[in-house]
Amino acid sequence: MSRIVFLNGSFLPIEEAKVPFMDRGFMFGDGVYEGIGMLDGRLIDNDAHLERLERSLAEIRIPNPYTRAEWSSFQEELARRNGMTEGFIYFQVTRGVAERDFFFPEDAKPTVAMFTQAKAIAGAPAAQTGIAVVTVPDLRWQRRDIKSINLLAQVLAKQAAKEAGAQEAWLVEDGFVTEGGSSSAFIVTKEGSIVVRPLSNAILPGITRKSLLQLSKEVGIALEERRFTVEEAYDAAEAFLTSASNFVLPIVSIDGRPVADGKPGPITKRLRELYLAMASAPAMAAE
Ligand code: PMP
């Protein structure tokens with residue numbers, strides 16, 4: 001079966017999906033994106049992802065081409081056409097096609113592209129083994145709350161992590177961890193509280209982060225929403241990351257030092273189970 005992608009209202013075989021040379025996404029990285037997880041054929045937290053997309057678009061003044069109902073129907077149709085029930089759906093909106101000039105074009109139409117990536121999320125081996133992270137300086141711009149398609153700093157950070165034998169980079173500013181290259185960063189203290197950086201322009205407001213905080217509150221796990229340093233992370237009882245395409249993943253080493261005994265911790269495991277239960281629960285009738 002040919003891979004089908006979505007481009008500007010049409011479902012096309014990927015070979016036929018062409019974006020014009022002067023697209024501002026290609027020329028300037030002038031656009032924003034979203035990524036959402038799918039489990040058992042259901043989109044997880046789609047409303048929150050679409051809300052974040054609306055916000056990212058508004059912040060850079062690109063009109064949202066579709067309603068939430070339209071976005072959802074395109075996402076579901078694309079997953080269906082690709083036979084995907086578990087994986088990741090990526091969608092991006094750029095300011096459109098215009099002669100290269102920095103000013104916003106007067107009459108460009110946003111370019112919308114969407115694709116699927118089938119992936120085992122629930123049964124991912126990394127969930128059992130845990131992953132390694134390395135810390136690198138956070139070289140990004142000052143509006144990390146906008147989910148910009150400009151990902152050069154993350155490309156460099158994650159490549160550096162890979163070359164150091166790790167699977168994710170933790171970005172560091174003024175000695176404090178901001179977040180992962182493509183994930184939210186958490187530690188667990190020896191007293192058993194979760195520590196996560198509060199929302200600000202310094203990090204992306206992770207949708208998985210938000211759901212996880214809600215779940216941990218419901219089961220009475222203590223939360224400290226504050227910045228943490230690299231040293232505190234080295235000394236933590238547990239560490240983990242969250243993202244739409246990984247849910248909750250244990251981190252078992254930071255900069256080559258094992259986190260505690262170097263095995264996924266009990267609070268991380270519990271949170272992953274809670275998240276999986278939430279993600280695979282039938283959607284509420286009211287949703
Ligand atoms: N921070 C960054 C920089 C990211 O790229 C991502 C993943 N898109 C996240 C955090 C996690 O966000 P979410 O849970 O919404 O996938």
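Leaving aside its neighbours within four places in sequence, which residues is N64 in contact with? Select N64 in this predicted model and display the residues around it: with those neighbours set aside, N64 is in contact with E54, L57 and W71. Before following these contacts further, it helps to look at the whole protein.

**The whole chain**

Zoom out and colour by secondary structure, and the protein shows 8 helices and 15 strands. Along its principal axes the C-alpha trace spans about 55 × 45 × 35 Å. The radius of gyration is 19 Å, which agrees with the value near 19 Å that a compact globule of 287 residues would have. If you colour by accessibility, buried residues account for 50% of the 287 residues, while the accessible surface comes to about 14000 Å², with 55% of that area belonging to carbon and sulfur atoms. A contact map adds a view along the sequence: among contacts between residues at least 6 apart, 71% join residues that are at least 24 apart.

**From N64 to R61 and L57**

Return to N64, which lies in the loop between α2 and α3. Is its accessibility that of a buried, a partly exposed or an exposed residue? N64 has a relative accessible area of 28% and is therefore partly exposed, since that class covers the range between the 20% below which a residue is buried and the 50% above which it is exposed. For a sense of scale, draw a distance from N64 to T178: the two residues are 114 apart in sequence, and their C-alpha atoms are 29 Å apart in space.

Next select R61, which is placed in the loop between α2 and α3. Its phi is near 60°, a positive value in a residue other than glycine. With a relative accessibility of 62%, R61 counts as exposed.

Now step to L57, one of the residues in contact with N64, and find it in helix α2. At 1% relative accessibility L57 counts as buried. Not counting residues up to four places away in sequence, L57 touches V32, I62, N64 and V93, so showing these side chains together displays its surroundings. Adding G31 to the selection gives a pair 26 residues apart in sequence, with a C-alpha to C-alpha separation from L57 of 7.9 Å.

**Salt bridges**

How many salt bridges does a search of the whole structure find? The search finds 19, and a few of them are worth visiting in turn. Begin with R68 and D47, whose side chains meet in a salt bridge at 3.6 Å, N to O. This pair links distant parts of the chain, with R68 in helix α3 (residues 68-81) and D47 in helix α2 (residues 46-59), 21 residues apart. R68 is partly exposed, having a relative accessible area of 29%.

Move on to R140, which forms a salt bridge with D138, the closest N and O atoms lying 2.9 Å apart. Both R140 and D138 are buried. Then select R226 and E224, another salt-bridged pair, in which the closest N and O atoms are 2.8 Å apart. R226 counts as partly exposed at 27% relative accessibility, and E224 counts as partly exposed at 27%. Elsewhere, salt bridges that share partners join D138, R140, R144, E173 and E179 into one network, so select these five residues together to see it.

For the charges of the protein as a whole, place one marker at the mean position of the 32 positive charges and another at that of the 38 negative charges; the two markers will be 1 Å apart.

**Last stops: W170 and D255**

Select W170, which is found in strand β8 (residues 168-173). W170 is buried, with a relative accessible area of 0%. A distance drawn from W170 to R3 joins residues 167 apart along the chain, and their C-alpha atoms are separated by 33 Å.

Finish at D255, in the loop between β14 (247-254) and β15 (257-258). What is notable about the phi of D255? The angle is near 50°, a positive value in a residue other than glycine. D255 is partly exposed, with a relative accessible area of 27%.

How values were computed: Residues are numbered from 1 along each chain as its sequence is written. This is a predicted model: local features need pLDDT of at least 70, side-chain atom pairs count only at pLDDT 80 or more; totals for chains, interfaces and linings use all residues. Side-chain values use heavy atoms; hydrogens and water are left out. Helices (H or I, at least four residues) and strands (E, at least two) are DSSP runs, numbered from the N terminus. The radius of gyration is taken over C-alpha atoms; the globule rule is 2.2 Å times the number of residues to the power 0.38. Buried means under 20% relative accessible area, exposed over 50%, partly exposed in between (1.4 Å probe, protein chains only). Contact means heavy atoms within 4.5 Å. Accessible areas come from the Shrake-Rupley method with a 1.4 Å probe; for residues, only the protein chains shown count as cover. Lys and Arg count as positive and Asp and Glu as negative; His and the chain ends are not counted. The place of a charge is taken as NZ of Lys, CZ of Arg, CG of Asp or CD of Glu. A salt bridge is a side-chain nitrogen of Lys or Arg within 4 Å of a carboxyl oxygen of Asp or Glu.
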